[in-house]
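The following account considers how helices pack and where open space remains in a protein model. Please keep the sequence and the structure in view while reading.

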Amino acid sequence: MNVIITGASKGIGKAIAAGFAAEGATLFLCARNEVTLYNTVAELQTKYPACNIKAKAIDLSVKQQTQVFGAWVLAGLADTPTGKMDVLVNNAGNFTPGTISQEEEEVLEKMMAINLYSAYHLTRALLPAMMQAKKGLIVNMCSIAALAAYPNGGSYSISKYALMGFTKNLREELKPSLIKVMGVYPGAVMTDSWGDFDNSSKRIMEASDVANMVLAASKLSPQAVVEDIVLRPLLGDLP
């Protein structure tokens, strides 16, 4: 299985990469921080020697770099046994809290660039090959911030609403091509976005919870798709 994961150096992206690596997949990973990315590659390759991992440091908030990564993935796929892409996980993203009236200038542009445009431009770069193969699963990492407005959501929430719209439109468009499109809407997950939050009481979810759901969805029969996954902490969203 060939799997492309963006924002794969930590958090949810790293957990998804670990899940597929454990199953011996060939991974194409990217993240902005080169050191963190290659440390992740070394860690996964050591723990799961049966998998094959290729990685490239890319800033996906820049359209041209996203297109470069897409071309790099396509070239790498040609060297794999099937030459086809099985799963694309558009996970790269960033969270900047704030209110629309108070947040700094350019926050909306920055949130849209990484949370929406990265997924849009990378998907477009890879779609022709997927449509020709008439197979594949595209996973867009949305957020519960895309389902309901909440205090201090600001431009982050706007960008995730937009990603949800992209996901739903893409799903309808690609049905004739037999390509699955899934939106994932996690609530609070213990990642770097939560800083030094004390999760010793297990109040919020682990990144592996999201990864396990993505892996399960990738194993369905060709005629079945999980359209949306909503995951929340058992005790509900944090106030």
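A pocket, as the word is used here, is an open set of grid points with protein on both sides within 12 Å along at least five of seven lines. A pocket's volume is the space filled by probe spheres set on such points. The model to which these terms are applied is a predicted one.

In this model, the second largest pocket has a volume of about 250 Å³. Its lining consists of 13 residues, and those closest to its centre are Asp86, Lys135, Gly136, Lys180 and Pro222. Sorted by class, this lining holds six nonpolar, three polar and four charged residues.

The largest pocket, by comparison, has a volume of about 1,500 Å³. It is lined by 49 residues, of which Gly93, Asn94, Phe95, Tyr156 and Ser193 are the closest to its centre. The lining is made up of 25 nonpolar, 16 polar and eight charged residues. Helix 1 (11-21), helix 4 and helix 5 each provide at least two of the lining residues. Which helix gives the most to this lining? Helix 4 does, with five residues.

The packing of these helices may now be followed, beginning with helix 4. Helix 4 (residues 107-133) packs against helix 5 (residues 154-174) at an angle of about 15°, and their axes lie 8 Å apart. Angles under 35 degrees count as roughly parallel, and helix 4 is therefore roughly parallel to helix 5. The crossing of helix 4 past helix 5 is right-handed. On the helix 4 side, the residues in contact include Val107, Leu108, Met111 and Met112 towards the start of the list, and Leu127 and Met131 at its end. Their counterparts in helix 5 include Ser155, Tyr156, Ile158, Phe166, Leu170 and Leu174. By class, this contact comprises 16 nonpolar, four polar and one charged residues. Tyr156 thus appears in two settings: among the helix 5 residues that meet helix 4, and among the residues closest to the centre of the largest pocket.

Helix 4 also packs against helix 3 (residues 63-77), here at an angle of about 30° and with the axes 9 Å apart. This angle makes helix 3 roughly parallel to helix 4. Helix 3 passes helix 4 in a right-handed crossing. From helix 3, Lys63, Thr66, Phe69, Gly70, Val73 and Leu74 take part, and they meet Ser118, His121, Leu122, Ala125, Leu126 and Ala129 of helix 4. The residues of this contact divide into seven nonpolar, four polar and one charged.

The remaining pair brings in helix 1, which packs with helix 6 (residues 207-217) at an angle of about 50°, their axes being 8 Å apart. Is helix 1 roughly parallel or oblique to helix 6? The angle makes helix 1 oblique to helix 6. Their crossing is right-handed. Gly11, Ile12, Ala15, Ile16, Gly19 and Phe20 in helix 1 meet Ala207, Ser208, Val210, Ala211, Val214 and Leu215 in helix 6. This contact has nine nonpolar and three polar residues, and no charged residues.

Key: Residues numbered from 1 in each chain as written. Predicted model: local features only at pLDDT ≥ 70, side-chain atom pairs only at ≥ 80, totals over all residues. Heavy atoms only, no water. Axes fitted to C-alpha atoms, helices over the stretch in contact; angles between N-to-C directions. Helix = DSSP H or I, 4+ residues; strand = E, 2+ residues; numbered from the N terminus. Parallel < 35°, antiparallel > 145°, perpendicular 65-115°, else oblique. Left-handed = near helix turned anticlockwise from the far one by under 90°. Contact = heavy atoms within 4.5 Å. Nonpolar A, V, L, I, M, F, W, Y, C, P; charged D, E, K, R; others polar. 1 Å grid on protein atoms, 1.4 Å probe; cavity = no way out; pocket = protein on both sides within 12 Å on 5 of 7 lines; lining within 4 Å.
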